[in-house]
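Let's walk through this one together, starting at the ligand and then stepping along to a serine. Have the viewer open as you read.

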Amino acid sequence: MNMRVENKLAPTSLNKIERIHKPTREEFKHATRSYRQPIIITGEIADWKAFALWSMDYLNNVIGKKEVDVNVSQNKIFSFDPENEFILPYKKIQFTDLTKWILEEKKVEEYYYLQQSSLKITFPELLPDIEIPNYIDKKLLIITNLWIGTGGNISPLHWDLAQNFLSQVRGRKRILLFAPEQTSFLYPFSVNSEMPHVSQLNIDKPNIEKFPKFLKAKYIECILEPGEMLFIPTFWWHQVYSLEQLNIAVNFWRKPNFQDCFRAPGRRFLLQIPHKYLVFLLNTFFKNGSVKMEI
Ligand SMILES: O=C(O)CCC(=O)C(=O)O
């Protein structure tokens, strides 16, 4: 990423993502300032069966015949095209075709990424291979998803309302994180658009004439190794680069803490569409509604 040197440090005291080995829930809460700061947890995933078992052969045996939805991109940026305000299409392919494509990857017209695919709904056979982290009360767990892709895939800059435990099983990911307070430098799409949680910027080739405040944005960076779990708190912006040819991750979404819904991105909704946002929050917290920003 071609950002200037002065952008290297986050604005808070946090300028590095700490690693913490198998924390207890209390230690986790303390280290993340009550689920508000990112951290990398080591040692948890090594205990999962998935960590020992999930090779391409194993996955092909267990789920190979399934049809899966893969997102399709022409330029490896998934699954939004920020520059054209466009949500990319997906297509159904057999799982073995996806794995074959990943292993044989060559220069092609289109690229695939299995993103955010519910384990419970689509791959229940794999559920016994993973363990819900101790930091998520079962009643606060929203969804557990599988991600399978290949090096070069990019998930562009966005935030999620849910707290996210991104758990790397195979391959590594490079991740850039911007605190919620950086929102005014990151040019999210309009609160009324279909992707209000996505930045309009391509941060690898930022159009500074159009988005001049981006030069003030500060970020922190980490490499997530296989066996590590990155905790991404509510409203922390993240851009994710897959590094290895085979890249497999699981992410757990946990309900946000109520007070965190009013950090900078949430305040935009509150100021601009207060009624809709409050109804959305009521549904999220009291009626078990979705935490996706479909407001
Ligand atoms: O791993 C990726 O490519 C993106 C992950 C992500 O954006 C998420 O878990 O919210």
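Strands (E, at least two residues) are DSSP runs, numbered from the N terminus. What you're looking at is a predicted model, where local features need pLDDT of at least 70, side-chain atom pairs count only at pLDDT 80 or more, and totals for chains, interfaces and linings use all residues. Residues are numbered from 1 along each chain as its sequence is written, and side-chain values use heavy atoms, with hydrogens and water left out.

Start with the ligand. Strand E9 (154–158), strand E10 (163–170) and strand E14 (237–242) each give at least two residues to the shell around it. That shell, meaning residues with a heavy atom within 4 Å of the ligand, includes Tyr113, Trp147, Lys173 and Asn251. Sorted by class, it holds four nonpolar, five polar and two charged residues; here Ala, Val, Leu, Ile, Met, Phe, Trp, Tyr, Cys and Pro count as nonpolar, Asp, Glu, Lys and Arg as charged, and the others, Gly among them, as polar.

Now for the ligand's oxygen atoms. A polar side-chain atom of aspartate 160 sits 2.9 Å from one, and a side-chain N or O atom of histidine 238 is 3.1 Å from an oxygen atom of the ligand. On its own the ligand exposes 290 Å², and the protein buries 99% of that (Shrake-Rupley method, 1.4 Å probe).

Next, serine 167, which belongs to strand E10. Is serine 167 buried or exposed? With a relative accessible area of 0%, serine 167 is buried (under 20%, 1.4 Å probe, protein chains only). A polar atom of the serine 167 side chain lies 3.3 Å from the backbone oxygen of phenylalanine 165.

Terms used: A polar contact is a pair of N or O atoms within 3.5 Å; within protein, one must be able to donate a hydrogen and the other to accept it, and residues adjacent in sequence count only if both atoms are side-chain atoms. Helices (H or I, at least four residues) and strands (E, at least two) are DSSP runs, numbered from the N terminus. Buried means under 20% relative accessible area, exposed over 50%, partly exposed in between (1.4 Å probe, protein chains only).
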